[in-house]
Amino acid sequence: MTALPYRSRPLPLARSRRRRPRRRGGVLTYLFLLLMVLFSAFPLYWSFVVASHDNSALGAYPPVLTPGGNFRDNVDRLFNAGIVNVDFATALVNSAIVAGVVTASVVFFSALAGFAFAKLRFRGAKLMFVVVIATMIIPVQLGVIPLYIQMNKFGWINQLEAVVAPFLVTAFGVFLMRQAIVAGVPNELIDAARVDGCHTARVFWHVVLPAVRPVAAVLGLLTFMNTWNDFFWPLIVLSPNNPTVQVAVSTLAGAAYVPDYALILTGTFISILPLLVVFLVLGRQIIGGIMRGAVKG
């Protein structure tokens, strides 16, 4: 009897280790993404179109879809407090100060607290972290009255301190930074820094913060957006003479018997521009964090 020739077959393990070719997105994928971009950007573009016309553009048929030549006139009317009875320039400055201070404070203190909960060992750490997380389930509206009374006792009503102080740190920020530090900063790196003579503050500043910079950028962007768009609390503690930008836009909407939509959308369009600038500044850090997570995955 003659032996049959043996044919070697790759083992299942070796077969599973073969690199599969990367699949590129098809035409439908890019078409879907393009439609989503257009759908998301159209409200901003429509605001600019109406802001560059007068109110007659709203009732035009067919609808006006191209910018006009009245944008500069509408901006002049917007920043003329004698015409619109709203100091829009002061509102922009107030919102920039409040959003900037709150964002820097939330990122710093959240990272500091997250570092303590993630890498430092002290009595009651787990209980304190649970208490911090539990505050996230409490609606903000429940604390409005006692918070207003407290701000009144401090003498901060109609001052920016009343808008800044209650939001210097958030439970969500502490949770986010704690999880990022646990996943992104190994204990061996901290031990090596301590061996080199770094105390706790230097470990936090030179080791922890650079490692979680992309997550801190995401937290900063979300905090800036939420603070810039906040309307309820500034409306309560600030007067119409010293508003934030969202309160000023709301005042424009109710300043006349017949709303001036061209002026309102001019203020809305200008109020969105700082958010776009912040996104462009922090976008590289955010994309870098996403790519770093994809490579690690």
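With which residues is serine 95 in contact, leaving aside its neighbours within four places in sequence? In the predicted model analysed here, serine 95 is in contact with Trp228, Thr244 and Val245, when neighbours within four places in sequence are left aside. Serine 95 is placed in helix α5. The residue counts as buried because its relative accessibility is 4%, under the 20% limit for that class.

The protein chain has 297 residues, of which 32% count as buried. Its secondary structure comes to 15 helices and zero strands. Among contacts in the chain with a separation of 6 or more, 72% are accounted for by residues 24 or more positions apart.

Two packed helices are described by the angle between their axes and the distance between the axes. For helix α5 (residues 88–119) and helix α12 (residues 213–228), the axes come within 9 Å and cross at roughly 145°. The crossing of α5 past α12 is right-handed. On the α5 side, the contact is made by Leu92, Ser95, Ala96, Val98, Ala99, Gly100, Val102, Thr103, Val106, Val107 and Ser110. On the α12 side, Ala216, Leu219, Gly220, Thr223, Phe224, Thr227 and Trp228 take part. Sorted by class, the residues of this contact are eleven nonpolar and seven polar, with no charged residues.

Further residues of α5 were examined individually. Threonine 103, which lies in helix α5, touches Gly220, Thr223 and Phe224, not counting residues up to four places away in sequence. These three residues are listed among the α12 side of the helix contact. Threonine 103 is classed as buried because its relative accessible area is 13%, under the 20% limit.

Valine 98 also has its place in helix α5. Its relative accessible area is 3%, so valine 98 is buried. Leaving aside neighbours within four places in sequence, valine 98 is in contact with Leu160, Val163, Val164 and Thr227. Thr227 belongs to the α12 side of the contact with α5, while Val163 and Val164 fall in helix α8 (161–164). The C-alpha atoms of valine 98 and alanine 162 are separated by 9.9 Å, with their positions 64 residues apart along the chain.

Helix α9 (residues 171–184) has 14 residues. From its first C-alpha to its last, α9 reaches 20 Å, close to the 20 Å expected at 1.5 Å a residue. Its buried residues are Ala171, Gly173, Val174, Met177, Ala180 and Ile181. An α-helix has 3.6 residues a turn, so residues three or four places apart point the same way. The cover over the buried residues of α9 includes α5, α6 (125–134), α11 (200–211) and α12.

Isoleucine 270 is located in helix α15. With a relative accessible area of 13%, isoleucine 270 is buried. Its contacts, leaving aside neighbours within four places in sequence, are Val75, Leu78, Phe79, Phe88 and Leu92. Leu92 also appears on the α5 side of the contact with α12. Isoleucine 270 and leucine 92 are 178 residues apart along the chain, and their C-alpha atoms are separated by 9.2 Å.

Side chains of opposite charge can pair when their charged atoms come close. A search of the whole structure finds one salt bridge. This salt bridge joins the side chains of arginine 77 and aspartate 260, at 2.8 Å from N to O. The pair links distant parts of the chain, with the two positions 183 residues apart. Arginine 77 is in helix α3 (residues 71–78), and aspartate 260 is in the loop between α14 (245–253) and α15 (261–296). Arginine 77 counts as partly exposed because its relative accessibility is 26%, a value between the 20% and 50% limits.

Two loop residues complete the description. Valine 64 lies in the loop between α2 (27–51) and α3. Not counting residues up to four places away in sequence, valine 64 touches Trp46, Val49, His53 and Ala57. The C-alpha atoms of valine 64 and tryptophan 46, 18 residues apart along the chain, are 9.3 Å from each other. Asparagine 158 lies in the loop between α7 (144–154) and α8. Although asparagine 158 is not a glycine, its phi is positive, at about 65°. With a relative accessible area of 31%, asparagine 158 is partly exposed.

Definitions and conventions
Residues are numbered from 1 along each chain as its sequence is written. This is a predicted model: local features need pLDDT of at least 70, side-chain atom pairs count only at pLDDT 80 or more; totals for chains, interfaces and linings use all residues. Side-chain values use heavy atoms; hydrogens and water are left out. Axes are lines fitted to C-alpha atoms, for helices over the stretch in contact, and angles run from 0 to 180 degrees between N-to-C directions. Helices (H or I, at least four residues) and strands (E, at least two) are DSSP runs, numbered from the N terminus. A crossing is left-handed if the near helix is turned anticlockwise from the far one by less than a right angle, and right-handed if clockwise. Contact means heavy atoms within 4.5 Å. Ala, Val, Leu, Ile, Met, Phe, Trp, Tyr, Cys and Pro count as nonpolar, Asp, Glu, Lys and Arg as charged, and the others, Gly among them, as polar. A salt bridge is a side-chain nitrogen of Lys or Arg within 4 Å of a carboxyl oxygen of Asp or Glu. Buried means under 20% relative accessible area, exposed over 50%, partly exposed in between (1.4 Å probe, protein chains only). The expected span of a helix is 1.5 Å times one less than its number of residues.
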